[in-house]
Structures are given as structure tokens and as C-alpha cells.
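Thanks for asking me to look this one over. Here are my notes, in the order I made them.

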Amino acid sequence: MDERWMADPVECGTAAGFGIYVHIPFCAHRCGYCDFATYDDQHDWIPRYVAALRAEIARAGGSDRPVTSIFIGGGTPTLLPAHHLAGVVDLLHATFAVEVGAEVTVECNPETASVELFERLAASGVNRVSMGAQSFAAEVLKTLERQHTAERPLEAVAQARQGGIDQVSLDLIYGTPGETNDDWEATLRQAVIAEVDHVSAYALTIHDNTPFGRRVSQGTLARPDDDVQADRFDTARDLLGAAGFEHYEISNWAMGSRARSRHNVLYWRHGDYLAFGVGAHGHRDGQRWWNPRAIAPYVTAVEERRDPASGSEVLTPDERAEERLLLGLRLREGLHPVDVPPIDPLALEDAIAHDLVQTSSGRLQSTEGGWFLLDEAIRRLT
Amino acid sequence: MTGTLPPVYPIDRIRNFCIVAHVDHGKSTLADRMLQQTNLVDPRKMRDQYLDKMDIERERGITIKAQTARLPYHYTGGDSHAGEFLLNLIDTPGHVDFSYEVSRALNACEGAILLVDAAQGMEAQTIANLYLALEADLEIIPVLNKIDLPAARPDDVAREMCSIIGGEPDDVLRISAKTGEGVREVLESIVERVPAPKGSPDDPFRALIFDSVYDPYRGVLVYFRVVDGTLTRGDKIKLKATGYENEVDDLAVHSPEETPIDALGPGEVGVLSASIKEVSQAKVGDTITLAGRGAATVHALPGYREPLPMVYSGLYPLDSDDFPILRDALDKLQLNDASFTFEPETSTALGFGFRCGFLGLLHLEIVIERLDREFGIPLVTTAPSVSYRVVLEHEFDDTGANRVITVANPQDLPTPNKILRIEEPTVTAMILLPNEYVGPVMQLCEGRRGTMLAMDYLTESRVEMRYRLPLGEIITDFFDQLKSITRGYASLDYERGDYMADALVKVDVLLNGEPVDAFSSIVHRDHAYEYGKGMVERLRELIPRQMFDVPIQAAIGAKIIARETIKARRKDVLAKCYGGDVSRKRKLLEKQKEGKKKMKQVGSVEVPPEAFVAALRSGSPKQD
């Protein structure tokens, strides 16, 4: 197989940059749809967890590869005391060769926002906040078990700006059972009014192992309807597009290309990233590894100076090819021809004939219609 | 093997009998009790349903293959006959599917015990088999079983029995096979009332085959009843119908375990093996003669006929890679079941499989269960159908009459413009029921295009109804319906009737314009819309959405009678890859790809095989 696409990439793989992901697994309340590694009943662990996280980061140091993005996600990172959180960011800067102008994002829930918090974070180099608004409809927030009012996110965005954060993104969820077209349109309008420079909008996904999953299987919660979610996706495209946002990835819109989330683009370009904290996944040149989801084994391993990783895999060329496509085609820009893995010409022809992908720009890209059917495209192409 | 020497019985000391009974009326228990009372089975080796050897038989409480037991009996009756007798019990299958086998086994007997549950009363199946016994001119000994049950109503049931066989209710024996009460009287009655076999030791040897069973180590074991002459181990035999010739390797009787014997004379029952490879070489009903000069002049015993399938179904391996395994399994199964037929067929929806013919629905179920149990092959089976006679419009045979073809698979039906008429097999159904359900049962039968032939009151409260019904109408859910509207009190049996013409049409189901052959069905014109609508609605639920709108249509010829649309899929992507966890997403996609590989392709539509299975499993839609 010609593996030039792996060895000599133009934008993808090692060419995409180098990121760091840090996971903070604490929430005031674990929402019913959430299947991330997060806990609302283990706050006693916070001091030991932060200490373990710092130890894990410190031990991983020594690389002089320039870090292009840092993402601190959760859970609710801003549930940590501000000095703990800022201290982690400071430690990352001290330990790694973080590029000047690197994107440093912290996820934030509106109810934890304050000008003081953002000032403290900005002072440590945080320049981007991803605000978990999810919806601006009170009923929908209630269904999603969110802890803030419909008005709070706008206030929180303003506080971030005031605290000196350059870029603010809003996280939204659509297709929640009970959400109306009007609710969703109103939510999108509020996002525009908030004057954020980035919006992430995700279709609500039901995972079997969550309270929502159990309620759906019991029949006490309606399963989100694919057609409704497809309609909402179209509404988001229309409304955000009209407001000047660029739809650069299936679930992400940016006000101009500079406002794209560099850390997310790193994922979609098959780039390398380190991972710290529970449930965090890292990737380097075809090798993936991950930490345990539970707090105790993670903390214990780090305290005993063991590698906390609970699993890893080395991807075969076929698996790398599949990942390259399933990640790269999420981006509107698609893949540079050099970065495209070998595809069976008949499969490619078939996917083009079904209007799932196109090559007319000289790059391999999803079509407008094929974007929301990407999994079908990948199944055909690989 | 060296023959031990069981005592030789003169022909007037032999009694051959069978037991006619409904499932659960205690036939096997009575047989077990007879074995015990004649001290034939070591009590430590006794198990329930001793004679039923297949697991399926014991689990379902039915007898599929005939079995025999030789019971030496010391008769102590008052008359001058007192002394040693040989009673041969021939345990027959009881189900309508095997009525031909039953009739052959009955022909090997001179008498029959009519065994009826004193609480349940006569059942249609018992009556059907009783009629077969009467046709075979057997002496009937009526016996009421389970008289110890609190719900027993022996006087009523005895009157029911006598209304059919005649005689006095007081003469009906009353027993409990469970406790053994009255079993001795039954044995005595057999000696007293069943005639001794007739047959001449000096005539050329003739014997009736009433069963043949495949044994993987010894070849086919042939169960037979000697009519004339004597058979000795080492004799060379010739079978009249199949022409098979070979030497008798083993000769034995069952007492009840197999016991070698050197020779068998007139009236006796035994089993032989002669290096026969498959049961189709030694068919039930065939006549055994001695090979050599003069064999051709010996007349065959009357009543032989080729087994004729009544019900057809397509059998497909769920996993198409299993096709060769299925073919081997069917070959092996046919070694010991000559009454089932199969030939390869292909289906666009289901791939490669076989169209199989069965004696009836129970036979079909048993074959499928054996395929699953003995060969472990998961199967998709198409809805059972019957074999139609199709009279062609523009084609003629040598005599100038319209040509007639037989169609066992709806997809083989010619287009409507070529068909003059379609004739379907009918049956004469006998339904026994308490009189309060007569109305609903009439309604059911009329909904299934039945014609009433007779209605008789056996007693004030029990009715026998006879209907002519299309076989195709009763092989779906007729029996379930009958049971449900009579709260389980009705019983059903049927025998083949003539072919009759009716307004039959083929309904095709089209997926995106492509016919899905597995769902084509021949139905009455008045039921076509309902069938079509039911099918398209069910498929719309079962078939996943595709990249484009998919119409599902039901059609008669070119005329569309029902339509549904599966709307194009609009979403097929995971919104989020959280926290850089790409592995999970990739694994999910790989799983989906595995599923995609298993999809059956109908034109450009991908259908998971489970969708076809589910649509077929729920059976044909109800038609009343």
C-alpha cells in the first residue's frame, strides 16, 4: 500500500500540530444524557485529584515539540477553585513548549462563571472559553437537567469578555425530546445576539448506559427523532450561516476562519495530542491510549508512580485509513489529496454517485447533503 | 450374532394390536404399564414413554415413528384358551400428518384399543384414526383411561364412544394407566377379542413394511409384519415397489429391547436389516418378498402409495455460508425420512436455499427442529404454502386438453394472462367441539372459504362438524384461531380432498420496484388487499431507511393494490467525538460495517436478514 499519506502529510497527522487535553471529572450535577467520565458525588477527591493531575503532567514533560493547543474539558473544570485550575494551566506552560499564540481553552458551565474567575484564568494564558449553554429554552434546560436559567449563559459570556477572554464559544444541544422548532430557532438567535465567535451544536445522542438511555428503553422518554434532528441541523445551518458564521465542521461554526477551534481541528486532522486525567484519550502517530474512567484507580496509580493508562492500541494501516477519513470528512475543507488514504476506486465512485462525497475542488470533501450521512459514506469508502 | 431362542408361538396364540388415542390421553403410559405387567422391563431401566426413542417424541409427548413391543402373556381366562400368548403391540404415530404411516401400521394389526381420556372425551384426531382402524377392519376394544381423575365423566364419554363404534357403554373398560388399575383386564380382552392373524406358513413369503428407520451404524432397520410364509436370517429378499434386493443380515424382535431371532412366521412382527442405505429404498407400505425365481408372481399387499407432500416451505440458511451444510443436513435427514422432499431454489431476498415438501405442518416443524438440534443450522423459513394445479389458457397437451402444471412456489406461477384457472387442494376437516361454540366456529370456517358438509351431535353437548376447506387456509393460523375462539375445547383433524378451482391470485410484494419473491403469496382475490396491505405495512416497520425513498408495493400482476414508502434516511452520523476518543467511534463503525456485509441486496435496497426473518416469522396476515 502506498503509505505516503502517513509518512509525508501536508495538513494531517504530525503536520496538524500538537495538543494537550486535560480532563476534570467533577460536576455539581451529572445530567441525565451525559456519558462522559464525570461524577457529582466524589468532590472529596478534588485535592488528591488535582495533585495527581499535576504529578502526571510533570512526569510527562521533557518534550520540546511545540504545543499548539490546550483544552481543559470536563465535567465542569470551573467547578475547581480558580487557583487550582489556573495552577494546572501554569504548570502546562512551565512543563511544555507552549507556542506563543497557542489556543488555550477551558470549558465552563454558566452557573460557575464570574469575572474574577475569568481574570484569573486569562492571567494564566487561557484565551478561549467554551460555555455550556445547551439551550435558551427553560423547558429544554429542565429536561436536560441543566443547573442554570435560560438567561444565565448570556450573562456568563459577557463576564468572560469582561474578564479578558478573547474567544468565547457556546455549546448547544438540539433535538432534545420536547424541544420545538421555535425553541431551537430562539436558542440560535440568542447565540447570535450573544456575539460569540464560535458555536458548537450537537444533536442529542442517547447512550444506553445513561439515565436517559434507561428512560428511553422504559418508554418514559421519547427517543430523539432522526428527522427532527436533521431539520434542526438544517435550521442551524441556515440561521447561523445568515448571521455570518462559517460552518467548518459538522457540529461547529466559527465567525471567520481564525475563530475555529484549533484544538478540535487538530482532532479532525488526525493530529497528535497528550492526555491527562481520568477518561482522557491521547494519540500520537497511530498509537492511542487512555486513562481509566474511575477516579480512584487513576489517582492511586499516579500516587504509586505508575503509568495510569488503562488501555492502548496501535492502529493498523487500515484502521489509520478509516480514522483519517472519518475524522477528515467531518471538516468542510475535507482532505488534501496527499493526505487521503488509498480508496477502492469503485467505492469512491459509488460514494460520489450517491452524492455523499465530492472531489471537484481537488480535495476529498463531504457534500452538503452527505455531511449528516457521514457514517454511511465511511462505511462505503472503507 | 447368535440367536437366542424365544419360544415359538403357533399362529392362533398371536395377537397383534395397536392403541388409538389422542395426545395426552395416556397411550404411552398404558404401553409402559403393559411392559411392566408382562415383566418385560427391568424396573431399574424403566423410563417414561419407554417406546418413544427420539428426544422430540418424548418432549412433545407424541410418537413420530412406529415402535413395536413383543409381550409374552400368560392368559388365565376362564376358557380353554388359558396358557401362553404372544401380544405384539405396534405403537403408531397419531398425527394427521402421518395418517398414511398410521394406516400401514394399523394394517399390521388385527385389533385396536380405542383409548380415551375419561375427562377430555373423544377428540377429532382419535376419531380420524379410529375411522382408519375401522377401514382396516380391526376389532376395536374401547377403553376409558384416567377414571381416577376428579374431572372424569366416564358415563358421558362411554356414550360418546359408543355413538361412533356402537356397543353398550357398560362394556367399555375403565382403567387408570397411571395406577395400573384395569390394565390386566385390557390384556385379557386383547386375547379374548382380537382375532388371531390369518396367514399360511406354506404360501410364498410376504410381509408388510409398516415403518423403516435409519440407523447410522446398521443402515435402515425395516419393521415388518409377516403375512404368509417364513423369513429366515440369510434369506435374500426383494422389495416389490423399489425392487431393492439383498440378504437379511439381522433379524430380530423387540421385547422390547432388540432380541435376535432366527426366523419369523405368519402373523409375527419383527425388524430386519439388509444393508439398506436409505429409507427411500424400503418405503412404508411396500411388500417384502423372497428374491429369486417366482418372486414376480407373488402379489404385492394392497395399499402401497408414494408419500405425497402436502405443505411446502422454502428453507434458507440465515448465514448464506451455511448453504453447503444445509444441503448435507437435508441429505442426511432424507436418509431416514423418505416422506420429505427438497430441491434447490434461489430467492433474491434470501439467497440460496431449498423448497421442501412436507406431509403437513407438524412434519415441517419436526424437520426444522431436527435441523436445528442435530445439525445446528439457524434457518429462515418462508410461510408454508400448498401445491396448486394451474390450468393454462393457451397451451395444450397431446390430447388437446389445456395443459396443467403444478406450482409449489408462488414465484413459479405464470402471469395471469396465461392462466385459465387455478385449482387448490382442499381437505375435509372434522372438528369436534362443545355445542356452545358452533356459531363462532361456523363463522371462522366460512371466513376461510369453508363449505359445511355435515354436522352431527355425538351427545347433547358435543358436536362433530365437517367442512370442506382449502388446505392453504388451514396451514396458516387456522388451528390457533379455532383453539382461541373455543377456549381450547375444539379439536381438529382433516383428510385430503379434491383439487377445486377458486378465484385465486398471486400477490407480489415489490421493494423499490423489485419483487421480493419470499413474500409472494397465492391468496383468494377477496383477501388479496388485506394480505398486501399487511405485508407492506410490516415491511415498512422492519426495513431500515435507505439513502433514498423506497416504495413498498403490493401488486396483483401490474396492478398496485397497496403502497407504503420508507422515507430516505437523513441522519447517520455521530454528532460528537468526545475528548479525543476516536477508538470508540471507529469500533462502532466497524461493527456497522460487519452488519452491512450481512445485508441482503434487493435491487439497490439493503435489507438486514433479520427484517426478512421477522416479517416471515409473524406469518401471513390474518385473512378473516
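1. Let me start with a strand pair in chain B of this predicted model. Strands β18(B) and β19(B), the latter spanning residues 351-358, run antiparallel to each other and are joined by seven bridges. If you would like one pair to find on screen, try Pro344(B), whose bridge partner in β19(B) is Phe354(B).

2. That pair belongs to an open sheet of four strands in chain B, ordered β18-β19-β17-β20, with antiparallel pairing. Which strands sit at the edges? They are β18 (341-347) and β20 (379-381) of chain B, each of which pairs on one side only. From one strand to the next, the twist averages 30 degrees.

3. Now over to chain A and two of its helices, α2 (residues 46-60) and α3 (residues 82-95). Their axes come within 10 Å and cross at roughly 10 degrees. Angles under 35 degrees count as roughly parallel, so α2(A) is roughly parallel to α3(A).

4. Which residues make this helix contact? From α2(A) come Val50(A), Leu53(A), Arg54(A), Ile57(A) and Ala58(A), and they meet His84(A), Val88(A), Leu91(A), Leu92(A) and Thr95(A) of α3(A). Sorted by class, the contact has seven nonpolar, two polar and one charged residues.

5. Finally, the two chains together: 35 residues of chain A are in contact with 22 residues of chain B. On the chain B side, the residues touching chain A comprise 10 charged, eight nonpolar and four polar ones.

Note on methods
Residues numbered from 1 in each chain as written. Chains lettered and ligands numbered in written order. Predicted model: local features only at pLDDT ≥ 70, side-chain atom pairs only at ≥ 80, totals over all residues. Pairing = 2+ DSSP bridges. Axes fitted to C-alpha atoms, helices over the stretch in contact; angles between N-to-C directions. Contact = placed C-beta atoms within 7 Å. Nonpolar A, V, L, I, M, F, W, Y, C, P; charged D, E, K, R; others polar. Parallel < 35°, antiparallel > 145°, perpendicular 65-115°, else oblique.
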